[in-house]
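Pull up the model and keep the sequence beside it. We'll go from the whole chain down to a few single residues.

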Amino acid sequence: MQTKNPLDWMLSEALDQLTRAERLRHQFGRQEACWEPPIDVLETEHELLILVALPGVNPDNVETVIHDGVLVISGQRTLPPELRNARIHRLELPQGRFERRIALPVGRYAISRFVMDGCVALRLAKS
């Protein structure tokens, strides 16, 4: 009989606990952000350009608000209805609610958004 590796057992138990915690969070409907999309922030003399990696998310469904000098980008990625009953073999793109907060340099900005190479791009024109 082969003995179990304690490290493998602990890792397996930790993953089971995380899965149970995520199930409970969904069951009780908490609306807190659960993942942060990766971003690039570039600045020119006239604008800030923020690229948010959100493939498959409609830019019209991404909320952007500036509050106390912080840009808050939020929304939700969900599977399309026709895929919700599909057998999942791998799901690496995060699903559910997302939120990203970015401190901005002092100033006033006009926000516009568009799609650029699979990213939701935010143009913050300096005024």
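What percentage of the 127 residues of the chain count as buried? The figure is 23%. Keep in mind that this is a predicted model, so everything below is computed from predicted atoms.

Start with the overall layout. The chain holds one helix and seven strands, and reading along the sequence you get α-β-β-β-β-β-β-β. Now look at who touches whom: of the contacts with a separation of 6 or more, 57% are between residues 24 or more positions apart. As for the outside, the accessible surface of the chain adds up to about 9,700 Å², and carbon and sulfur atoms own 53% of that surface.

Let's stay on the outside for a moment and go to helix H1, which covers residues 6–27. Leucine 7 sits in this helix. Is leucine 7 buried or exposed? Its relative accessibility is 57%, so leucine 7 counts as exposed, the cut-off for that being over 50%. Leu7 also has company: together with Trp9 and Met10 it forms a nonpolar patch on the surface, and the three share about 360 Å² of accessible area.

Now head for strand S5, residues 96–103, where you'll find phenylalanine 98. Phenylalanine 98 has a relative accessible area of 0%, so it is buried; anything under 20% would have done. Next, find tryptophan 35. In sequence, phenylalanine 98 and tryptophan 35 are 63 residues apart, yet in space their C-alpha atoms are 4.9 Å apart.

Both of those aromatic residues lead us to arginine 77, since Trp35 and Phe98 are among the residues that arginine 77 touches. Arginine 77 belongs to strand S4, residues 70–77. Which other residues does arginine 77 touch, leaving out those up to four places away in sequence? The rest of the list is Leu54, Pro55, Val57, Leu93, Pro94, Gln95 and Gly96.

Here's the part worth a closer look. Arginine 77 is buried, yet it has no salt bridge. The nearest side chain of opposite charge belongs to glutamate 92, and that is 11 Å away, whereas a salt bridge calls for a distance within 4 Å. So what lies by the polar atoms of this side chain? Backbone oxygens do: the one of proline 55 is 2.5 Å from a polar atom of the arginine 77 side chain, and the one of proline 94 is 3.0 Å from a polar atom of that side chain. Pro55 and Pro94 also appear in the list of residues that arginine 77 touches.

Technical notes: Residues are numbered from 1 along each chain as its sequence is written. This is a predicted model: local features need pLDDT of at least 70, side-chain atom pairs count only at pLDDT 80 or more; totals for chains, interfaces and linings use all residues. Side-chain values use heavy atoms; hydrogens and water are left out. Helices (H or I, at least four residues) and strands (E, at least two) are DSSP runs, numbered from the N terminus. Buried means under 20% relative accessible area, exposed over 50%, partly exposed in between (1.4 Å probe, protein chains only). Lys and Arg count as positive and Asp and Glu as negative; His and the chain ends are not counted. A polar contact is a pair of N or O atoms within 3.5 Å; within protein, one must be able to donate a hydrogen and the other to accept it, and residues adjacent in sequence count only if both atoms are side-chain atoms. Contact means heavy atoms within 4.5 Å. Patches are made of residues with over 30% relative accessible area and no salt bridge: like charges are joined within 9 Å, nonpolar side chains (Val, Leu, Ile, Met, Phe, Trp, Tyr) within 5 Å. Accessible areas come from the Shrake-Rupley method with a 1.4 Å probe; for residues, only the protein chains shown count as cover.
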